[in-house]
Amino acid sequence: MYQEISRLIMYGNLPPDSILVKLGDIFAEIDRDKEYHTDEMVRAVYEQIYRLLELATKYGFDDNLWHCYIAFLLAMQENPFSILCETVGASREASANQIVREDMKSFYRLFHYDFSQKESELGIDCFRIVTHYHSMAKAENTYNKSVSEKVRELAKNLLSAKDSDEMFDILTSFYQRYGVGKFGLNQAFRVIHREDEVLLSPITHTSDVSLEDLIGYEEQKRQLLENTEAFVEGRKANNCLLYGDSGTGKSTCIKAILNRFYDRGLRLIEVYKHQFRDLSDIIEQIKNRNYKFIIYMDDLSFEEFEIEYKYLKAVIEGGMEVRPDNVLIYATSNRRHLIRETWSDRSDMSQDELHRSDTMQEKLSLVARFGVTINFSRPQKKQFDEIVLGLAQGQPDIHLTKEELIRQANAWSIRNGGYSGRVAEQFIIHLKSMAK
């Protein structure tokens, strides 16, 4: 195993603490002295098996965990070749292809590695177990389903490869279809800090909501859909602000848009107000990738004393660096103009400022940078009733007549904040919770 790892060139930048590298070092030590510190070697092997089981739990791997692990390494390995593959595909004439084909010879042997000799030398059978593994059933929200499905598909296809050349073709096709690394395998990301570094961490479980699940608001959905489709297809598109009453489906719309266009390369990065100063670092990490990124800001608004919006203004339009074509900003807010206004803002007369109109222009300049603004207003009673009936349709736990359902829903809305899609959904959840 150690020899195969040492021959890697393009894929040779494996993390030194990866399971593959650690096992390679352990097996090399065993080969150097088969009798020396056997118990320590067994303990070291068990530590890597434990890490493999942890990885399998995190990503829902099953059957042959070793095959899943090698497929995971290949799917996540960002190097000049894999990143180029996700953009333009593999070129037959490229010299890098020959290098990678040599690497695939090593990976083919690693993928089909026979652990029986090492098990016999150490008196263990853990590799037999993890290569014929039957995991316990898990709820989909307990592991990263998006990564799991792709990696297991890749492992299955690699198993069918007759030689390293077929493995090369399967892998490059995978890169072209899904991409590579965390951006290729995940839908959405959040911003985290590690010391002084700004990192994009995958969100492992996202909502599977669709636009059809949001009842009503057809014109609003159409506007958002058309703008996003233009963006995904590489045409000009605008930043979007979805504003209006709470609970009307603004955030749901954006989550549904992500699900609609994920297979076409759309990704979402959730950014909070206190992270706006990181926007330049975020864009630097994503601007040269072959994906379309929506930077998503939920429930956006500012008080007079908050100045974070200035970072946002510079990124959207106004800074020296041009925003990349593969980045848009979508925001939701209960405020039409985002920044809190006062009556004194509307007058040029003030005790502490000569030109209050300048203050107004400053406060309105942020929302003016959103080319598309979409209003989500609170539904009227008739619309609310339609939402309730639509949500209740097909629910086996709800057996009320249409009239009784509407009567109870309206009583619920009076007690719980009025008419809105959120209140309607909470009412349906209440009915399901009461079902025996």
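## Starting with one residue

Two residues are in contact here when heavy atoms of one lie within 4.5 Å of heavy atoms of the other. With that in hand, let us visit Gln-220 in this predicted model. Gln-220 sits in helix H12. Leaving aside residues up to four places away in sequence, Gln-220 touches Ile-374, Asn-375 and Phe-376.

Is Gln-220 buried or exposed? Buried means under 20% relative accessible area. Gln-220 has a relative accessibility of 16%, so Gln-220 counts as buried.

## The protein as a whole

Now step back and look at the whole chain. The protein has 19 helices and seven strands. Of its 436 residues, 47% are buried.

You can also ask how far apart in sequence the touching residues are. Take the contacts in the protein with a separation of 6 or more: 77% of them join residues that are 24 or more positions apart.

## The sheet

How are the seven strands arranged? They form an open sheet, in the order E2-E1-E4-E5-E6-E3-E7, and the pairing is mixed. Strand E2 (197–202) and E7 are the edge strands, each pairing on one side only. Ignoring direction, neighbouring strands of this sheet are turned by 25 degrees against each other on average.

As background, strands of a sheet pair through backbone hydrogen bonds, and they can do so in a parallel or an antiparallel way. You can trace both kinds of neighbour relationship by starting from a single strand, as the next section does for E3.

## A closer look at strand E3

Strand E3 covers residues 240–244. In the sheet order, E3 stands between E6 and E7. With strand E6 (residues 327–333), E3 pairs in the parallel sense over four bridges. Two bridge partners in E6 are easy to find: Ala-331 is the partner of Leu-241, and Thr-332 is the partner of Leu-242. With strand E7 (residues 372–376), E3 again pairs in the parallel sense, over five bridges. Here Gly-244 has Phe-376 as its bridge partner in E7. Phe-376 is also one of the residues that Gln-220 touches.

How many of the five residues of E3 are buried? Five of the five are, and the strand is mostly covered. In a regular strand the side chains alternate between the two faces of the sheet. On one side of E3 are Cys-240, Leu-242 and Gly-244, on the other Leu-241 and Tyr-243, and both faces are covered.

## Helix H12 and its neighbours

Which strands does helix H12 lie across? H12 lies across E3, strand E4 (266–270), strand E5 (292–297), E6 and E7, and runs at about 150 degrees to E7.

H12 (residues 218–232) also meets a helix, H13 (residues 250–261): their axes come within 11 Å and cross at roughly 40 degrees. H12 and H13 are therefore oblique to each other, and their crossing is right-handed. From H12, the contact is made by Lys-221, Leu-224, Leu-225, Thr-228, Glu-229 and Val-232, and from H13 by Cys-253, Ile-254, Ile-257, Arg-260 and Phe-261. Sorted by type, the residues of this contact are seven nonpolar, one polar and three charged.

## Two more helix pairs

Two packed helices are described by the angle between their axes and the distance between the axes. Try this on helix H3 (residues 38–59) and helix H4 (residues 65–76), which pack at an angle of about 75 degrees with their axes 10 Å apart. That angle makes H3 roughly perpendicular to H4. Leu-52, Leu-53, Leu-55, Ala-56 and Tyr-59 of H3 meet Leu-65, Tyr-69 and Phe-72 of H4. This contact has eight nonpolar residues, no polar and no charged.

Helix H5 (residues 80–88) and helix H10 (residues 164–178) give another pair: their axes come within 7 Å and cross at roughly 60 degrees. That makes H5 oblique to H10, and H5 passes H10 in a right-handed crossing. On the H5 side you will find Phe-81, Ser-82, Cys-85 and Glu-86, meeting Phe-168, Thr-172, Tyr-175 and Gln-176 in H10. These residues divide into four nonpolar, three polar and one charged.

Technical notes
Residues are numbered from 1 along each chain as its sequence is written. This is a predicted model: local features need pLDDT of at least 70, side-chain atom pairs count only at pLDDT 80 or more; totals for chains, interfaces and linings use all residues. Side-chain values use heavy atoms; hydrogens and water are left out. Axes are lines fitted to C-alpha atoms, for helices over the stretch in contact, and angles run from 0 to 180 degrees between N-to-C directions. Angles under 35 degrees count as roughly parallel, over 145 as roughly antiparallel, 65 to 115 as roughly perpendicular and the rest as oblique. A crossing is left-handed if the near helix is turned anticlockwise from the far one by less than a right angle, and right-handed if clockwise. Ala, Val, Leu, Ile, Met, Phe, Trp, Tyr, Cys and Pro count as nonpolar, Asp, Glu, Lys and Arg as charged, and the others, Gly among them, as polar. Buried means under 20% relative accessible area, exposed over 50%, partly exposed in between (1.4 Å probe, protein chains only). Two strands pair if DSSP finds at least two bridges between them.
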